[in-house]
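Take a look at the fold and its aromatic side chains. We will start at the surface and work inward.

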Amino acid sequence: MTFKSVLLASALAFGATSAFAAEKYVLDASHSQIVFTYNHLGFSTTTSMFSGFDGEIMMDAAEPANSSVSVSFPVMDMITGWQARTDHFMSDDFFGATDGDMVTFASTGIEVTGETTGLITGDLTMNGVTKSVVLDAKLNQMGDHPMAGKPWAGFDATATVLRSDFNLGKFAPFVSDEVQIDISIEAMKAE
């Protein structure tokens, strides 16, 4: 396998459906984050995040389109940096969250856009609503981790969603309906 085909396969690790030849990679929770930002009343860009979440990538180097990704994390794991804001997000104004409420993403398709890039389509489920979203994904690096001594991969991805699509549109348009999502993950080959 050429270097180019390894990069292409890795870039597509978020891809479509599971495959027999796929190798399982699990997210490194300590180095995987989802950061989201939105405009607050035109005065500031407010940032919050999720970190420490679980997920897996089934990577098929021979047939990248057969790769897949799935991620899940509790809504209540949101980190806003200010407890009063976190409490407001968990209130009935937004999530009305309980301990069992989860955010999930499962890939459904892929479009190769370059040697290390791809558009990953998947189902995002949040607040009891499932919508299709597209992640603009890029492979940062793939190879043996210098400390762990096993295969590792790192990806960045971006997406934009509308809060109102997930019944979370309170205070729009004053607080922007559009939310920018920036994802950075590391994944290690499973034992």
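This is a predicted model. Start at F43, in the loop between β2 (33-40) and β3. Is F43 buried or exposed? F43 has a relative accessible area of 75%. The cut-off for exposed is over 50%, so F43 counts as exposed. F43 also belongs to a surface patch. Together with L41 and F174, F43 makes a nonpolar patch of about 400 Å².

Now turn to the strands. Strand β4 covers residues 54-59, and strand β5 covers residues 68-74. The two run antiparallel and are joined by five bridges. Within this pairing, E56 stands opposite S70 of β5. Strand β5 also pairs with strand β6, residues 102-114. Here too the strands run antiparallel, with five bridges between them. P74 has M102 in β6 as its bridge partner. Keep a general point in mind while following the strands: in a regular strand, side chains alternate between the two faces of the sheet.

Next, the aromatic rings. How many aromatic pairs does the whole structure hold? A search finds six. One of them is F50 with F73. Their ring centres are 4.5 Å apart, and the planes meet at 40°. That makes the pair tilted, because the tilted class takes in angles that are neither under 30 degrees nor over 60. F50 sits in strand β3 (residues 44-51) and F73 in strand β5, so the pair ties together parts that lie 23 residues apart in sequence. Both partners are covered. F50 has 6% relative accessibility and counts as buried. F73 is buried as well, at 7%. The cut-off for buried is under 20%. F50 and F73 also belong to a wider group: ring pairs link them with F36 and F53 into a cluster.

A further pair joins F94 and F171. This pair is tilted too, with 6.1 Å between centres and 55° between planes. Which parts of the chain does the pair link? F94 is in the loop between α2 (83-90) and β6. F171 is in the loop between β9 (151-162) and β10 (178-189). The two residues are 77 apart, so the pair links distant parts of the chain. Their surroundings can be read from accessibility. F94 is buried, with a relative accessible area of 12%. F171, at 40%, is partly exposed: its value falls between the 20% limit for buried and the 50% limit for exposed.

Note on methods:
Residues numbered from 1 in each chain as written. Predicted model: local features only at pLDDT ≥ 70, side-chain atom pairs only at ≥ 80, totals over all residues. Heavy atoms only, no water. Pairing = 2+ DSSP bridges. Helix = DSSP H or I, 4+ residues; strand = E, 2+ residues; numbered from the N terminus. Phe/Tyr/Trp six-rings, centres within 6.5 Å; stacked < 30°, edge-to-face > 60°. Buried < 20%, exposed > 50% of the residue type's maximum accessible area, 1.4 Å probe, protein only. Patch = residues over 30% accessible without salt bridge, like charges linked within 9 Å, V, L, I, M, F, W, Y side chains within 5 Å. Areas by Shrake-Rupley, 256 points an atom, 1.4 Å probe, with all protein chains shown as cover. Salt bridge = Lys/Arg side-chain N within 4 Å of Asp/Glu carboxyl O.
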